[in-house]
Each structure stands twice: as structure tokens, then as C-alpha cells.
Amino acid sequence: MTPMVAANWKMHKGEAEAVAWADIVSARLPQGIEAVVFPPATALTAVRQTVAGRGLQLGGQNLFYESAGAYTGEISPKMLIAAGCRYVLVGHSERRQIFGESDREVGMRLRAALEAGLTPLFCVGEQIEDYERADYHGAIQRQMGVALKGLEAEQVARIVMAYEPVWAIGTGRSATVVEAERSADIIRQVIRRLYGAGINLPIVYGGSVVQENISGFVTVAHLDGVLIGSASLDAELFCTLMEEVAGAVAP
Ligand code: PGA
């Protein structure tokens, strides 16, 4: 996969700020990467108009598993597609922890995204307690085992996996390249066990990615990209991060 550099704004930026960011970033997109932005839903349309035909891709931060109905506050897969999204985050740890999304519910959202033709970035990762007792496998195996249940190989093949250790998100303490590589191997093992060796999913890393550590994830750990929260909010800094990855993977 072309290395992905993705910006997850979380609950930041109104329309005007979002448009200004999208305009700066679209003008400086380097060759050789897939740049994606996940704005809050209220800014999707404005960002879409700004990036139209300029190469920056759009994604939703979450989705609901029904296509329409009495679900106050939720957004359907179809709505995201109509708003110009190609991607969607599924199972981000903030959704799991703050909003109580269970592994099963994450699985329902994952299936809905795939059935609608969106490309999900399926986020998995361990808590600090698991990490401290060196349980690197448990959480990833459980999250993937439950959420992938019942999905066909052809559907699973369209998922982008995101390894996001919970202890690294927004903490300023990222995983090392060795840790990211170890978890990527665990993700690959789970896929192999469930679906055989024929499926090789792209895996991106997220959690306190900054300029100092970004290139290691794509060069040393051989991952397929990065998902950036805090450091994606400033347009100039995000351009620098995209350029770091593009430079690191250039032939
Ligand atoms: P962070 O967030 O870069 O601020 O740690 C990453 C994420 O939540 O995807």
C-alpha cells in the first residue's frame, strides 16, 4: 500500500479553521503518500469542497451500523459516503473507553463500513496495565477475534489495521519501532490464523507520532503509515510530517 499519513482531528476545528487547514495541506501534498484527514462531522462538507480534486482523502471519525432510523446523534455509512468519505475510523480507543463501544459493537460498525464500501481503519491496542505486565497479545487478539467474527476473507482484505496502544495516545510517549513491529506481527498472526496466509493487511501506527519518531515507523518497522492526533492539528506541522514520510519512502 502507498504509505498513509492520516490526521485525526478528534473534537477540534470549526468550519473556517478546517477549511484553512485543508487548503494549506492540499497545496503541499507530497507525491508517494496517501494523505487522509478525519475532521469532525460538522466540517466534512466544507473540507470536501476545499480538497475536491486535489488529492487529499476524507474520512469519518466514526459511524453507526444502521443505514437510517431513530438513532439520535449517529451517522450512517451512507451519510459518510455522501459527504465524500472514503475512509472511516472504527474502534478508536476513545470510542471504546469514553463512549463504551464494546468489541462486539465495534465489529458491527466494522461490518457496516465494509458493506457500504468504506475503507475502515480498524483500531486495536493494549491498555497500560496489559503493557506493564508484558501482555502484548491479549487485547489485540480479543479485539480482532470478536470484531472480525463472521466476516468473509474478501471483506477483511479491505481493512486497514491501526495499531494504537492506548498508553501512547495523547500521552507524548509513543511506542518504539520495535514495539510497533512486535504488535504488527501479532496482528498478522491473528489474520493468518483466521484467514490463512493469503491476506496481507496494511498496518498503520498511531499514538504520539511526532516529527522525531515518524519516519521510523515506515522505514525501520516497515509499517504502512501513521495515524496522527495532536500533531496533525497544525497544518504546517502536518505538512512537515507528510514530507518526512514521503522522503523516507522515496526510491
Ligand atoms: P495522538 O493521537 O497522536 O494525539 O497520540 C493518535 C490517535 O488518537 O489516533
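Is Trp21 buried or exposed? Trp21 counts as buried, at 2% relative accessibility (buried is under 20% relative accessible area, exposed over 50%, partly exposed in between, with a 1.4 Å probe and protein chains only). These legends describe a predicted model, where local features need pLDDT of at least 70, side-chain atom pairs count only at pLDDT 80 or more, and totals for chains, interfaces and linings use all residues. Residues are numbered from 1 along each chain as its sequence is written, and side-chain values use heavy atoms, leaving out hydrogens and water.

**View A. Trp9 meets Trp21 edge-to-face.** A search of the whole structure turns up eight aromatic pairs (rings of Phe, Tyr and Trp, the last by its six-membered ring, with centres within 6.5 Å; planes under 30 degrees apart are stacked, over 60 edge-to-face, the rest tilted). Trp9 and Trp21 make one such pair, at 4.8 Å centre to centre with 80° between the planes. Trp9 sits in the loop between β1 (4-8) and α1 (15-27) and Trp21 in helix α1, so the pair ties together parts twelve residues apart in sequence (helices are DSSP runs of H or I with at least four residues, strands are E runs with at least two, numbered from the N terminus). Trp9 is buried too, at 0% relative accessible area, and Phe238 joins Trp9 and Trp21 in one aromatic cluster.

**View B. Strand β2 is largely enclosed by the rest of the structure.** Five of the five residues of β2 (residues 34-38) are buried. Glu34, Val36 and Phe38 point one way, while Ala35 and Val37 point the other. β2 runs parallel to β1, joined by five bridges, and pairs in the parallel sense with β3 (residues 57-60) over two (pairing takes at least two DSSP bridges). Val36 stands opposite Ala6 and also opposite Gln57 in β3.

**View C. Two arginines lie over aromatic rings.** Arg95 lies over the face of Phe99, 4.1 Å from the ring centre. The charged end of Arg182 sits over the ring of Tyr136, at 3.4 Å from its centre (the criterion is NZ of Lys or CZ of Arg within 6 Å of the ring centre and within 35 degrees of the ring normal).

**View D. Ala134 and Ser208 have positive phi values.** Most residues other than glycine have a negative phi. Ala134, with phi near 60°, lies in the loop between α6 (128-132) and α7 (138-147) and is partly exposed at 44% relative accessibility. Ser208, with phi about 55°, lies in the loop between β7 (203-206) and α10 (214-219) and counts as buried at 17%.
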